[in-house]
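Below are some notes on the fold of the model and on how its parts are arranged. They are set out as numbered points.

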Amino acid sequence: MDRLKLYGHPYSNNAMRAQLCLDEKGLDYDYVTVDLFKGEHKQPAFKAINPRGQVPVLVDGAARVYESVAIVHYLEHRYSTPSLIPSDPVAMATCFRLIGEFNQKLDPTNVFGSVKFGGKRLADLGERIDKLLAECRIWEGYVGDGPYFVGDMFSIADIVVLPFFGAIIDGLGLPEADFPKLHAWYDRCKSRPSVAKQPWFAAFADDRLNDEQRVLAKAG
Ligand SMILES: N[C@@H](CCC(=O)N[C@@H](CS)C(=O)NCC(=O)O)C(=O)O
């Protein structure tokens with residue numbers, strides 16, 4: 001049987017989701033870096049794999065899956081242990097509710113993209129900062145007593161939101177004093193081997209020292 005193959009890039013939050021699932025499930029795979037900065041993702045060779053020209057793409061034998069959340073579901077159903085989706089109906093509903101809320105409310109804020117890749121700074125961002133912080137306050141309230149968003153299980157809810165919070169905590173300086181539970185949750189996630197080995201953290205390491213980009217630290 002062919003080895004699994006994940007097409008990604010170290011700066012890709014969506015590829016990180018797929019990779020976290022693969023690693024949490026202890027699967028062997030080849031990671032193929034698609035150089036987004038050189039436009040490799042828009043070349044015919046890659047578009048033959050994903051006509052949208054985006055990473056991640058997972059290839060598993062004859063199966064070719066793109067869209068990070070579809071990959072997460074594919075892996076969960078194809079390789080069911082260890083499971084990353086709770087079986088308890090309430091916990092499962094919470095898991096999917098969080099993913100839905102994330103997609104609808106948090107992801108579209110995209111302040112990190114504007115700061116990191118668009119060169120925007122605090123003065124340019126106006127009420128986008130207020131909206132992001134208001135959303136983060138809601139998520140601060142979602143971190144409960146369990147170590148993860150749905151209790152003891154590190155689930156796809158944690159996986160789907162982790163790159164976003166990593167970017168705004170490490171990159172934009174979300175203040176720990178105002179968001180202690182999110183910071184503690186993020187630290188717990190980072191102590192997991194699957195998360196600790198992420199190329200994402202090395203790729204963004206310098207951002208933690210870049211005062212100009214820490215727009216959330218300055219906003220308070
Ligand atoms: N909805 C897709 C989004 C994929 C996506 O936006 N990937 C980015 C990297 S994180 C990409 O390939 N960007 C290059 C482009 O869109 O041209 C998913 O969840 O996988």
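Across which strands does H1 lie, and at about what angle does H1 run to S1?

1. H1 lies across three strands, S1, S2 and S3. Relative to S1, the helix runs at about 155 degrees. This is a predicted model, and the points below should be read with that in mind.

2. The sheet is open and has four strands, ordered S2-S1-S3-S4, with mixed pairing. Strand S2 (29-33) and strand S4 (63-66) are the edge strands, each pairing on one side only. From one strand to the next, the twist averages 15 degrees.

3. Within this sheet, strand S1 (residues 4-8) pairs with strand S3 (residues 57-60) in the antiparallel sense, over three bridges. Leu 6 stands opposite Leu 58 in S3.

4. A further helix, H3, lies across S3 and S4. H3 runs at about 140 degrees to S4.

5. On the scale of the whole protein, there is a division into domain 1 (4-78) and domain 2 (89-219). Their C-alpha centres lie 22 Å apart. To the contact, domain 1 gives 11 residues and domain 2 gives 13 residues.

6. On the side of domain 1 that touches domain 2, the elements giving two or more residues are helix H1 (13-24) and helix H3 (68-78). H1 supplies the largest share of that side, seven residues. Sorted by class, the side of domain 1 that touches domain 2 has seven nonpolar, three charged and one polar residues.

7. Taking the points on H1 together: the helix lies across S1, S2 and S3, and H1 also gives the largest share of the side of domain 1 that touches domain 2.

Terms used
Residues are numbered from 1 along each chain as its sequence is written. This is a predicted model: local features need pLDDT of at least 70, side-chain atom pairs count only at pLDDT 80 or more; totals for chains, interfaces and linings use all residues. Domain bounds come from an automatic or database domain assignment. Two residues are in contact if their C-beta atoms, placed from the backbone, lie within 7 Å. Ala, Val, Leu, Ile, Met, Phe, Trp, Tyr, Cys and Pro count as nonpolar, Asp, Glu, Lys and Arg as charged, and the others, Gly among them, as polar. Two strands pair if DSSP finds at least two bridges between them. Axes are lines fitted to C-alpha atoms, for helices over the stretch in contact, and angles run from 0 to 180 degrees between N-to-C directions.
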